[in-house]
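Here are my notes for anyone opening this one for the first time. Have the viewer ready and follow along point by point.

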Amino acid sequence: MKHIISVVALLLSFYLGLYNNNLAIYDTEHSKPVMVLPYRADLYPQEDQQRLRAGIHFESNDELAGLLEDFIS
């Protein structure tokens with residue numbers, strides 16, 4: 001069972017982006033986010049907003065945690 005989960009995780013690619021001007025987590029297979037976070041993008045510098053509009057890919061929970069820490073702290 002663990003191997004099946006690992007294969008599925010490898011097939012999906014995730015990124016941090018924006019949805020209705022809030023931070024959101026997407027998988028590349030869907031156009032709607034898998035999770036919308038209560039953090040408004042308009043509070044961030046323009047450079048960060050541009051990165052989020054383009055989508056910031058991550059490959060692990062640790063990478064996501066680091067990204068979120070950067071944006072919400």
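The points below go from the overall layout to the sheet, the helices and two single residues.

1. **Ground rules.** This is a predicted model, so to speak with care: local features need pLDDT of at least 70, side-chain atom pairs count only at pLDDT 80 or more, and totals for chains, interfaces and linings use all residues. Residues are numbered from 1 along each chain as its sequence is written, and side-chain values use heavy atoms, with hydrogens and water left out.

2. **Overall layout.** The protein chain has three helices and four strands; these are DSSP runs numbered from the N terminus, with helices being H or I of at least four residues and strands being E of at least two. Going along the sequence, you meet them in the pattern α-β-β-β-α-β-α. Of the 73 residues, 32% count as buried (buried is under 20% relative accessible area, exposed is over 50%, partly exposed is in between, with a 1.4 Å probe and protein chains only). As for contacts (heavy atoms within 4.5 Å), take those between residues at least 6 apart in sequence: 32% of them join residues at least 24 apart.

3. **The sheet.** The four strands make an open sheet in the order S3-S2-S1-S4, with antiparallel pairing (two strands pair if DSSP finds at least two bridges between them). At the edges sit S3 (35–40) and S4 (56–58), each pairing on one side only. On average, neighbouring strands are turned by 30 degrees against each other, direction ignored (axes are lines fitted to C-alpha atoms, for helices over the stretch in contact, and angles run from 0 to 180 degrees between N-to-C directions).

4. **The hairpin.** S1 (residues 14–19) and S2 (residues 22–27) are antiparallel and share six bridges. Two of the partnerships to look for are Tyr 19 with Asn 22 and Leu 18 with Leu 23. The two strands form a hairpin with two residues between them, and Asn 20 in the turn has a positive phi of about 50 degrees.

5. **Strand S2.** How many of the residues of S2 are buried? Six of its six are. Both faces are covered, with Asn 22, Ala 24 and Tyr 26 on one side and Leu 23, Ile 25 and Asp 27 on the other. S2 also runs antiparallel to S3, joined to that strand by three bridges.

6. **Asn 22.** This residue of S2 is worth a click. Asn 22 counts as buried because its relative accessible area is 15%. Opposite Asn 22 in S3 stands Arg 40, and the two side chains make a polar contact at 3.1 Å (a pair of N or O atoms within 3.5 Å; within protein, one must be able to donate a hydrogen and the other to accept it, and residues adjacent in sequence count only if both atoms are side-chain atoms). Leaving aside neighbours within four places in sequence, Asn 22 is in contact with residues including Gly 17, Val 36 and Tyr 39.

7. **Helix H2.** H2 (residues 46–54) packs on the sheet, touching S1, S2 and S4, and its direction makes about 115 degrees with that of S1. Its buried residues are Asp 48, Gln 49 and Leu 52. They lie on the same side of H2 because they cover an arc of only 100 degrees around the axis (the arc of the directions from the helix axis to the C-beta atoms). On the other side, the exposed residues are Gln 46, Glu 47, Gln 50, Arg 53 and Ala 54. Just after H2, Gly 55 takes a positive phi of about 95 degrees.

8. **Helix H3.** H3 (residues 61–72) touches S1, S2, S3 and S4 as it packs on the sheet. Leu 64, Leu 67, Leu 68 and Phe 71 are buried in H3, and the arc they cover is only 95 degrees, which puts them on the same side. Asp 62, Glu 69 and Asp 70 are exposed on the other side. The buried residues pack against S1, S2, S3, H2 and S4.

9. **Tyr 44.** Is this loop residue, between S3 and H2, buried or exposed? Tyr 44 counts as buried, at 13% relative accessibility. Tyr 44 and Ile 72 are 28 residues apart in sequence and 9.5 Å apart in space, C-alpha to C-alpha. Beyond its neighbours within four places in sequence, Tyr 44 is in contact with Leu 23, Tyr 39, Gln 49, Leu 52, Phe 71 and Ile 72.
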